[in-house]
Amino acid sequence: MKDKRECKVVQNLLPKYIDKLTDEETNSFIEEHLNSCEECKKILQNMQKEIDMYSNKHEEKGRDYIKKYSIRLKVFKTLTIVFLLIILVFSISVVRRMIILTSLMTNKQAIDSSNCHYIKKMFNNNMEMCVIFDEYSKDNISLAKFKIYNWKENSYIEQVDYYKNEIEQFSMSRYWDKEQQAFSENKKYPNSAITHGISSISVNLINMENLGEYIDYAINSKIKSTKYEGKECYAITKNGVEIIVEKSTGFAFKSIDKKYDFIMYGYYSVGTVTDEDIQGPDEVEY
């Protein structure tokens, strides 16, 4: 006759038996009972099946987790590599633009600091006002002529002449008389600085002496090589404004601002200025 108490004891020991937490003597007792008790043997088999099913589910979940983690890790690595490549390309582009801008500034300074003879003209046009600027420089003498022309009224508005030599500097200003269709007499302003020199129409359209603007152009502008009237130039574009700058001199030949409908043309020549070109303007005392 089956001993129910023994079955009860064995069934209570089965979980530890499955986990191999029982000693040899207990194992012998359990196994001897299982050999003679089908009921306890089935209970053991069912317990093992449940454990196996539970283990398989966890293994599948573990494999799925590892698989998902591997995919996410690959995606993260790919995005990291792409991000680093973007930073690298961007950094190279910024460094390239900084080198170009520095080179243009250096070339411009070489022209400014030299005592070479040159003439340059500047023409601004926004479809309403036309500003014509001419400067002549020779042997440390400069004469700059600044004229404002009104397209709508088809007449000049003002002319200012800036003169500077080793002894003095002054400006002469006169306005256009519509009735007389001629300029009024000059009015002299002593010690007026010549503010429209080569710097104003060279690469200093980008204020290279302003570190913030220099960095802003290095980061946000686009620079590409181009030709203008047969000369090697850079086309510098930023915020809808394109400036054509000669590579060898840093001189701006052209600037186009589509937003404000503004166009600037520049021209220069070397060794063509005569003594007559730099003759001071007529003075009228008041």
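This report walks through the fold, one helix pair, the nonpolar cores and three loop residues of a predicted model.

**Overall make-up**

The protein has 286 residues, and 33% of them are buried. Its secondary structure comes to 5 helices and 12 strands. Take the contacts with a separation of 6 or more: 45% of them join residues 24 or more positions apart.

**Helix 1 against helix 2**

Two packed helices are described by the angle between their axes and the distance between the axes. Helix 1 covers residues 4–18 and helix 2 covers residues 24–36. They pack at an angle of about 120°, and their axes are 10 Å apart. Angles outside the roughly parallel, antiparallel and perpendicular ranges count as oblique, so helix 1 and helix 2 are oblique to each other. The crossing of helix 1 past helix 2 is left-handed.

Which residues make the contact? Helix 1 supplies Glu6, Cys7, Val9, Val10, Leu13, Leu14 and Tyr17. Helix 2 supplies Thr26, Asn27, Phe29, Ile30, Glu31 and His33. By type, the residues of this contact are 8 nonpolar, 3 polar and 2 charged.

**Nonpolar cores**

In soluble globular proteins, nonpolar side chains tend to be buried together. Here the largest nonpolar core has 15 residues. Leu101, Leu104, Ile223, Tyr234, Ile236, Ile243 and Val245 touch the most other members. Helix 3 (38–113), helix 5 (211–220), strand 9 (231–238) and strand 10 each give two or more residues to this core. Helix 3 gives the largest share, 4 residues.

A second core is separate and has 9 residues. Among them are Cys7, Val10, Leu14 and Tyr17. These four residues of helix 1 are also part of the contact with helix 2.

**Three loop residues**

Glycine 250 sits in the loop between strand 10 (241–246) and strand 11 (252–257). Is glycine 250 buried or exposed? Its relative accessible area is 0%, which is under the 20% cut-off, so glycine 250 is buried. Leucine 104 lies 146 residues away in sequence, yet the two C-alpha atoms are 4.5 Å apart. Leu104 also belongs to the largest nonpolar core.

Two other loop residues have a positive phi without being glycine: lysine 20 and glutamate 229. Both count as exposed, lysine 20 and glutamate 229 alike. The table sets them out.

| Residue | Loop | Phi | Relative accessibility |
|---|---|---|---|
| Lysine 20 | between helix 1 and helix 2 | about 60° | 74% |
| Glutamate 229 | between strand 8 (222–228) and strand 9 | near 50° | 67% |

Definitions and conventions
Residues numbered from 1 in each chain as written. Predicted model: local features only at pLDDT ≥ 70, side-chain atom pairs only at ≥ 80, totals over all residues. Heavy atoms only, no water. Axes fitted to C-alpha atoms, helices over the stretch in contact; angles between N-to-C directions. Parallel < 35°, antiparallel > 145°, perpendicular 65-115°, else oblique. Left-handed = near helix turned anticlockwise from the far one by under 90°. Contact = heavy atoms within 4.5 Å. Nonpolar A, V, L, I, M, F, W, Y, C, P; charged D, E, K, R; others polar. Buried < 20%, exposed > 50% of the residue type's maximum accessible area, 1.4 Å probe, protein only. Core = buried A, V, L, I, M, F, W, Y, C linked by side-chain atoms within 4.5 Å.
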